[in-house]
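This report describes one protein chain, first as a whole and then through a few chosen residues. Please keep the sequence and the structure in view while reading.

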Amino acid sequence: GQMMELSGVFLNLSLYLWAGMLLKQTRVVDLFLNIVRPWGFSPEVLTYIILVAAAIPTAYNGASGIFVIAAGAVVYREIANSGARRQYALAATAMSGSLGVVLSPCLLVVVIAALNKQVTTDQLFSWGTYVFFLSSTLFLLMSLILSKEKFKLAPPSIAMPQSARALVPVSPYVVITLIVVMIYSQLLDTKMDEFTAPMMLPIIMLAVVWFDKVRREPVHTLTAEQRERRVGFEGAVREATNDTI
């Protein structure tokens, strides 16, 4: 009976799924990893960075599986290329879509709070932040202790300029996100939280997908996976919608 009363939650889940599949149609994850690659981190440190960064989209798309479907192939390839064992790369890929489920505005926590009147979303998200940092830090420490490789890091004099240059292609996506959030805030008096995120996130992702498709890179610079996604805006939205269904 409680689940039937919360029918709106299932609509929100569908919208989160759609946002995750729209993310799959973009190069955002690849562009972010371009910032990290110049440092030549060991698999353990690289995994920790990816886990922390992936927690944000995981929290906003509401469930772990969505992020893994959207970006798991890229994450797995990156960790494997850094020298990690196959089992470690697979485990890290699965975890990349798991740790963020305790952070705001994850739909799973909203459902738990709605079904259990003894707790509120603020309480759960507050403790969830501690759980997230405890889990991710313990994972990093154990990975470093069990690692057979030495800690690796490229010279900052070489890595820093390359990372700075990689920030430039990422910045438009950040600006687009901020613009959409500001439009909601100023024109509709709506801020993004666990209740409004399901409605706002697909609009943000549609704007991001549109920009990503308009700003196409030359074919010879793309990987095979990126060439598969080299379709127009309408085709990308249609494919993301089919994947969501």
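In this predicted model, the protein carries 19 positive and 16 negative charges, and the mean positions of these two groups lie 10 Å apart. Lys and Arg are counted as positive here, while Asp and Glu are counted as negative.

The surface of the protein can be described by its area. About 13,400 Å² is exposed, and carbon and sulfur atoms supply 68% of that area. As for the interior, 42% of the 245 residues count as buried.

**Overall architecture**

Which kinds of secondary structure does the protein contain? There are twelve helices and zero strands. Read from the N terminus, the order of elements is therefore α-α-α-α-α-α-α-α-α-α-α-α. The radius of gyration is 19 Å, close to the 18 Å that the globule rule gives for 245 residues, so the protein is as compact as a globular protein of that length. Along the principal axes, the C-alpha trace spans about 55 × 45 × 35 Å.

The contacts within the chain add to this picture. Among contacts with a separation of 6 or more, 76% are made by residues 24 or more positions apart.

**Three residues in their helices**

Ser7, Thr58 and Val74 serve as examples. Ser7 is found in helix H2, which covers residues 7–24. Thr58 has its place in helix H4, residues 43–61, and Val74 lies in helix H5, residues 64–81. The table gives the relative accessibility of each residue.

| Residue | Relative accessibility | Class |
|---|---|---|
| Ser7 | 47% | partly exposed |
| Thr58 | 0% | buried |
| Val74 | 5% | buried |

Why does Ser7 count as partly exposed? Its relative accessibility is 47%, and the class of partly exposed residues lies between the limits of 20% and 50%. Thr58, at 0%, counts as buried because that class holds values under 20%. Val74 is buried for a like reason, since its relative accessible area is 5%.

**Distances and a polar contact**

Where does the side chain of Thr58 reach? It comes to the backbone oxygen of Ala54, at 2.8 Å.

Two pairs of C-alpha atoms show how separation along the chain relates to separation in space. Ser7 and Ser135 are 128 residues apart along the chain, and their C-alpha atoms are separated by 32 Å. Val74 and Arg27 are 47 residues apart along the chain, with their C-alpha atoms separated by 10.0 Å.

Technical notes: Residues numbered from 1 in each chain as written. Predicted model: local features only at pLDDT ≥ 70, side-chain atom pairs only at ≥ 80, totals over all residues. Heavy atoms only, no water. Helix = DSSP H or I, 4+ residues; strand = E, 2+ residues; numbered from the N terminus. Rg over C-alpha atoms; globule rule 2.2 N^0.38 Å. Buried < 20%, exposed > 50% of the residue type's maximum accessible area, 1.4 Å probe, protein only. Contact = heavy atoms within 4.5 Å. Areas by Shrake-Rupley, 256 points an atom, 1.4 Å probe, with all protein chains shown as cover. Charge placed at Lys NZ, Arg CZ, Asp CG, Glu CD. Polar contact = N/O pair within 3.5 Å; in protein donor to acceptor, adjacent residues only side chain to side chain.
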